[in-house]
Amino acid sequence: NLMDDGLTPDAYADDGVYTGSFITTSQAGNYRAAVSVEGTVPPLFSREVFVLGSVSAATATVNNFSDAPLDNDSDGLFNQLVISFDVSVTVPGDFYLLAILTDSEGNEQNIGMTVSVSGISTLSVSFDGETIYNNGVDGPYTLSALRLAEESGFSVAVVVNLEDAYTTAPYEFTQFDRSALQVKGGTTIPMDLNSNGLFDRLDVSLDVETVSSGFYEWSATLRDSLGTEIDFDSGSATFSAESNSFILMFDGTLIGDNRVDGPYFVSDLLLYGAGESLVQSTGVYTTDTLLASQFESTLPPPTVSPSATPTVDPCNDPINFCGKSNKVQICHKGKKSRCVRSDKLDDYLNEGSSCGVCPNSNTSAKSQKNELFSR
């Protein structure tokens, strides 16, 4: 029977949610149950619904959490943050493990993998240090979700489902590894040099973080939303370690003559010096939304508005940029959406991937896992 009395397994009395249990599940696997409801007073009614549940052959407990940072390359910065814990299962087997690390601003890092567990086993999940640095949030960090599911054929049964399972030590994000050169943002600075109300130049100030001080050189292009190259600039300067900035200067007349409205995209960045280099083809910086008509031009004003709406290059579309880590979302070989570093984008495009989210595909076993875990 289904009850709404607040007694186990029902959570709250008289809340309109009826709960029941079915305990004759001696075999592990997927169970499909039919639930029928009939009204006994007018107006009479009859309802039937089917529910699907998974039963595991094992039970599991998790305890003894600990965390330890790893500096794999001995450079004084942590490459990984490893969280370890003991898992005890009643029946050995293969289990799918999902762990989510969350900082105080809600940035998440997910780890999913299949593990073999027998008796009492110590498991570890390694979270990427560079991702922690790029999020720019100090610890402590929270293991906000830990889920363990038994895998058996087409059945995936959750045996452990913990929230806020563990809190790490109070690390600073600057203790973690980072790229030797990183663009951390920028500023759009349109310049009206002759005070006639039109911009003669578009300056872009880029903020850069470096590990080593020294003499650096750079070059970059400015592109419109169609991917057309508008202008190119280069320069050099001496940088200190940590935070620096440099300015790219683009010809305003070329922007006006191009007649494509902004925002505009700084791309094809080459930055090198002090034994380090950064090559980033897309996602370097997106300017403020400016109109081409706000810039100087050698062409007469257009007499007819363009009839077609320009199509935005998906590799330069901000909707496909992944957070603050200079990454671009791609459809990897037409199968799976993922975020990749901008400086590696050309490699993925050359092997058949495309920028943007993959179109819908048939539900896979992994999708089934994700659906179960999201409940």
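## Salt bridges in the model

A salt bridge is counted where a side-chain nitrogen of Lys or Arg lies within 4 Å of a carboxyl oxygen of Asp or Glu. By this criterion, R223, E229 and D268 are linked in a network of salt bridges. The model under discussion is predicted, and three salt bridges are found in the structure.

## The network around R223

R223 takes part in two of the pairings described here, one with E229 and one with D268. Between the side chains of R223 and D268, the N to O distance is 2.8 Å. D268 belongs to strand β15 (residues 265–273) and R223 to strand β12 (residues 214–223), so this salt bridge ties together parts that are 45 residues apart in sequence.

The side chains of R223 and E229 are separated by 3.9 Å, N to O; this pair qualifies as a salt bridge because the cut-off is set at 4 Å. Both acidic partners of R223 are partly exposed: the relative accessible area is 44% for E229 and 30% for D268.

## The pair R201 and D203

A further salt bridge joins R201 and D203, with 2.7 Å between the closest N and O atoms. D203 is buried, its relative accessible area being 5%, whereas R201 is partly exposed, with a value of 22%. The two residues are classed apart because the boundary for buried is under 20% relative accessible area.

## Basis of the pairing

Side chains that carry opposite charge can pair when their charged atoms come close. In this predicted model, such contacts comprise the pair of D203 with R201 and the network of R223, E229 and D268.

Key:
Residues are numbered from 1 along each chain as its sequence is written. This is a predicted model: local features need pLDDT of at least 70, side-chain atom pairs count only at pLDDT 80 or more; totals for chains, interfaces and linings use all residues. Side-chain values use heavy atoms; hydrogens and water are left out. Buried means under 20% relative accessible area, exposed over 50%, partly exposed in between (1.4 Å probe, protein chains only). Helices (H or I, at least four residues) and strands (E, at least two) are DSSP runs, numbered from the N terminus.
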